[in-house]
Amino acid sequence: MTKVLMKGNEAIAEAAIKAGANNYFCYPITPQTEVAEYLAKRMPEVGGVFLQGESELAVANMIFGAAATGKRVFTTSSSPGISLMQEAISYMAGAELPCVIVNIMRGGPGLGGILPAQSDYFQSVKGGGHGDYRLLVLAPSSVQEAVDLMILSFDLADKYRNPVMMIGDGMIGQMMEPVEFPDKIESPDLPPKDWAITGAKGRKPQVVRSLFLDPYKLENSSWHLHEKYELMKKNEVRFEKYKVTDKNEIIIISYGTMARICQTAIDAVEAEGISVGLFRPISLFPFPQDEIYAEAIKKNIKEVLVIEMSTGQMVEDVERAVVGKKKVSFFGRTGGVVPSPEEVITQIKDMIRKKSKSKKKA
Amino acid sequence: MNNNSKTLFARPEAMTDVVSHYCPGCTHGIIHRLAAEAIDSLGIREKTVGVAPVGCSVLAYNYFNCDFLEAPHGRAPAIATGFKRLRPDMMVFTYQGDGDLISIGMSEIMHAANRGEKLTAIFVNNAIYGMTGGQMAPTTLQGQITSTCPAGRDLNETGHPIRMTELLSGLVTPMYLERVSVHSPQHIIQAKKAIRKAFQYQMDNKGFSLIEVLSTCPTNWGQTPNESTDWLEGNMLPYYPLGCFKDSFAEEDK
Amino acid sequence: MPGVKIDKNHCKGCELCVRACPQNILAMSKMIGIKGYFYAEMVDSSRCIGCQLCAITCPDVAIEVHTHGTSFALYEY
């Protein structure tokens with residue numbers, strides 16, 4: 001398929017259609033409303049369902065109802081809207097309903113701002129709703145990757161019968177980049193959806209529910225969900241490395257567009273003889289814990305530097321992964337302020353200088 | 001029974017044989033039966049989906065012989081919207097109490113009704129929160145004692161009880177809105193007609209229907225089942241007048 | 001000759017049918033069903049007219065109404 005210059009929001013919309021998800025419920029919120037505007041025209045062309053609900057809360061419940069049919073369905077929103085969806089997301093996890101939810105993040109908390117941020121990491125990865133459940137969370141760093149992960153998300157949602165969330169900061173939605181859509185998508189063999197609600201014709205009635213008044217039944221259900229999340233940890237960890245060599249003095253851990261900014265900084269300091277590697281998690285849950293540990297304990301690595309567009313959220317998971325074997329430090333800007341490569345370069349150089357000074361003292 | 005014996009009345013096929021958890025004399029059971037009888041008479045059991053609320057009727061799916069979805073508190077109309085939009089060929093009905101529909105779910109029911117979702121909404125008004133043990137609901141009457149208005153509902157504090165069917169009839173889109181009651185056999189017979197028509201309108205793809213059904217709650221009203229029906233007649237009927245508030249196809253039926 | 005069949009274990013002893021019966025031939029039994037409710041029972045089946053009002057008002061669909069030989073519909077239910 002030829003390359004097309006496309007805005008992230010629109011590419012995400014088209015990717016969903018390519019994945020056979022022509023059922024979309026939405027509510028307008030900057031910075032992702034273009035998804036809805038694009039699909040308002042596009043869905044009728046593919047005979048799909050498009051509906052703008054009265055609130056993100058209602059929309060998330062419409063997704064629940066639509067997912068119960070067994071068809072592919074998705075919604076997109078941004079941080080405050082995603083907060084309103086948390087109740088329904090918890091219900092969908094509890095009722096084991098597959099769907100895809102995209103969060104094009106903006107500054108928070110509260111009404112926050114409308115510029116890009118990554119301050120919803122905890123909300124998405126640690127579960128923003130009630131109960132023992134997780135979401136499989138993927139984080140693209142380019143419009144092309146957003147397309148690829150969007151298509152993958154639907155397969156993963158069906159494979160694990162669990163909502164999947166794709167989170168990208170505002171830039172993912174707003175920037176235009178050349179993107180290529182696969183011609184034919186062969187879905188892996190996914191489990192049959194015999195749980196779907198199709199009417200009790202020739203079978204006993206089926207119920208999609210998450211209520212288990214009997215504590216032992218609820219416990220069983222929760223451990224069953226837990227097993228799914230363990231399986232995700234085993235099979236669905238995704239990450240990318242950039243210039244990781246055994247000459248690196250520092251390993252940067254960063255995701256989304258923040259990681260691309262770090263790449264520019266890494267290239268710049270390399271020219272000055274400073275070797276820095278980048279480890280970019282693509283799956284935020286399951287978190288690449290073992291892989292990060294493996295990088296951090298390498299002898300050449302003096303320090304781990306976590307860089308996020310937040311006041312520090314993923315850094316806690318990195319600390320958990322490194323278990324104190326190496327110093328983990330953090331640099332972040334938030335509220336919609338996007339760090340420049342120069343700021344990252346300064347961070348790197350400060351660390352190197354501090355390291356060399358402490359060596360002299362010792 | 002010899003050969004020319006006939007069954008005049010029996011459990012509808014769309015209703016399971018499960019003994020309900022409802023309190024003795026609670027008229028939820030009657031409303032379930034009326035819905036099941038409508039589903040049977042229209043022959044739609046195998047393509048019907050019910051959406052149960054959070055409240056006493058959260059376990060409704062144990063009593064119906066058709067597929068069901070269990071909605072979060074107040075969200076049944078949104079759940080039903082999502083399902084029906086993808087499966088317009090299937091019959092979708094929501095079953096909600098007054099706390100579920102008017103209180104937490106007011107936004108969802110208003111917008112589902114205003115979009116004209118082709119749903120059949122069954123709304124049970126018993127002027128109290130039943131499952132949680134008898135708290136004040138938006139439909140609790142003035143002076144009515146509940147566990148969260150122990151001195152009787154004070155309108156200066158909480159405003160007036162909400163007449164939901166009248167409120168909905170202020171919207172242009174809904175097709176059929178009627179309030180009925182099930183506190184006596186004669187009222188039950190009227191209620192059955194209304195519920196059946198609401199399902200019929202959905203089969204004919206005509207639009208949004210809601211039936212508000214006045215219902216008793218002996219346990220939380222602190223009365224016997226028979227006393228409750230009298231209390232409903234004497235107190236709820238005056239404030240919640242029965243009747244059809246909107247029926248866009250009434251003339252056609254004549 | 002119409003008659004009713006009351007399911008002892010579905011009946012919760014709410015007595016709505018007793019009041020609904022125009023013939024006053026339903027009453028609460030001295031015996032209890034499986035859940036411990038005094039169930040309703042037919043006192044004089046010879047006077048049953050098959051009007052179904054008891055079954056219509058029963059919240060637990062515990063009452064079936066049958067008839068043998070000719071029967072007439074008093075109203076449309």
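For counting charges, Lys and Arg are positive and Asp and Glu negative, while His and the chain ends are left out. With that in hand, here are some exercises on this predicted model.

**Exercise 1. Charges**

Find how far apart the mean positions of the positive and negative charges lie in chain B, then do the same for chain A.

Solution. Start with chain B: it has 21 positive and 25 negative charges. Their mean positions are 6 Å apart. Now turn to chain A, which carries 44 positive and 44 negative charges. Here the two mean positions are separated by 4 Å.

**Exercise 2. Overall form of each chain**

Work out whether the radius of gyration of chain A agrees or disagrees with that of a compact globule, and repeat the check for chain B.

Solution. The rule is 2.2 Å times the number of residues to the power 0.38. For the 362 residues of chain A, this gives a value near 21 Å. Chain A has 21 Å, so the two agree. For the 254 residues of chain B, the rule gives a value near 18 Å. Chain B has 18 Å, so again there is agreement. To complete the picture, add the boxes along the principal axes: roughly 80 × 50 × 40 Å for the C-alpha atoms of chain A, and about 55 × 50 × 35 Å for the C-alpha trace of chain B.

**Exercise 3. Make-up and surface**

List the secondary structure, buried share and exposed area of chains A and B.

Solution. Take chain A to begin with. It has twelve helices and 15 strands, and 56% of its residues are buried. Its exposed area is about 14600 Å², with 56% of that supplied by carbon and sulfur atoms. Next comes chain B, with ten helices and eight strands. Buried residues make up 61% of chain B. Chain B exposes about 8600 Å², of which carbon and sulfur atoms supply 53%.

**Exercise 4. Which chains touch?**

Identify the pair of chains with the most contacts, and say how far chain A lies from chain C.

Solution. Two pairs of chains touch, and the pair A and B has the most contacts. Chains A and C share no contact. Their closest C-alpha atoms are 20 Å apart.

**Exercise 5. A helix in chain A**

Compare the span of helix α9(A) with the expected one, and name some of its buried residues.

Solution. Helix α9 of chain A covers residues 256-271, which is 16 residues. At 1.5 Å a residue, 22 Å is expected; the reach from the first C-alpha to the last is 24 Å, close to that value. An α-helix has 3.6 residues a turn, so residues three or four places apart point the same way. Bear this in mind when viewing the buried residues of α9(A), among them Met258(A), Ile261(A), Cys262(A), Ala265(A), Ile266(A) and Val269(A). Just after α9(A), Gly273(A) adopts a positive phi of about 80°.

**Exercise 6. Two residues up close**

Decide whether Leu305(A) and Asn126(B) are buried or exposed, and describe their surroundings.

Solution. The cut-off for buried is under 20% relative accessible area. Leu305(A), in strand β14 of chain A, has 0% and so is buried. Beyond its sequence neighbours, Leu305(A) touches residues including Ile251(A), Phe330(A), Ile348(A) and Met351(A). Asn126(B) sits in the loop between β5 and α5 of chain B. With a relative accessible area of 6%, Asn126(B) is buried too. Its contacts further along the sequence include Asp98(B), Cys217(B) and Trp221(B).

Methods:
Residues numbered from 1 in each chain as written. Chains lettered and ligands numbered in written order. Predicted model: local features only at pLDDT ≥ 70, side-chain atom pairs only at ≥ 80, totals over all residues. Heavy atoms only, no water. Helix = DSSP H or I, 4+ residues; strand = E, 2+ residues; numbered from the N terminus. Buried < 20%, exposed > 50% of the residue type's maximum accessible area, 1.4 Å probe, protein only. Areas by Shrake-Rupley, 256 points an atom, 1.4 Å probe, with all protein chains shown as cover. Charge placed at Lys NZ, Arg CZ, Asp CG, Glu CD. Contact = heavy atoms within 4.5 Å. Expected span 1.5 Å × (residues − 1).
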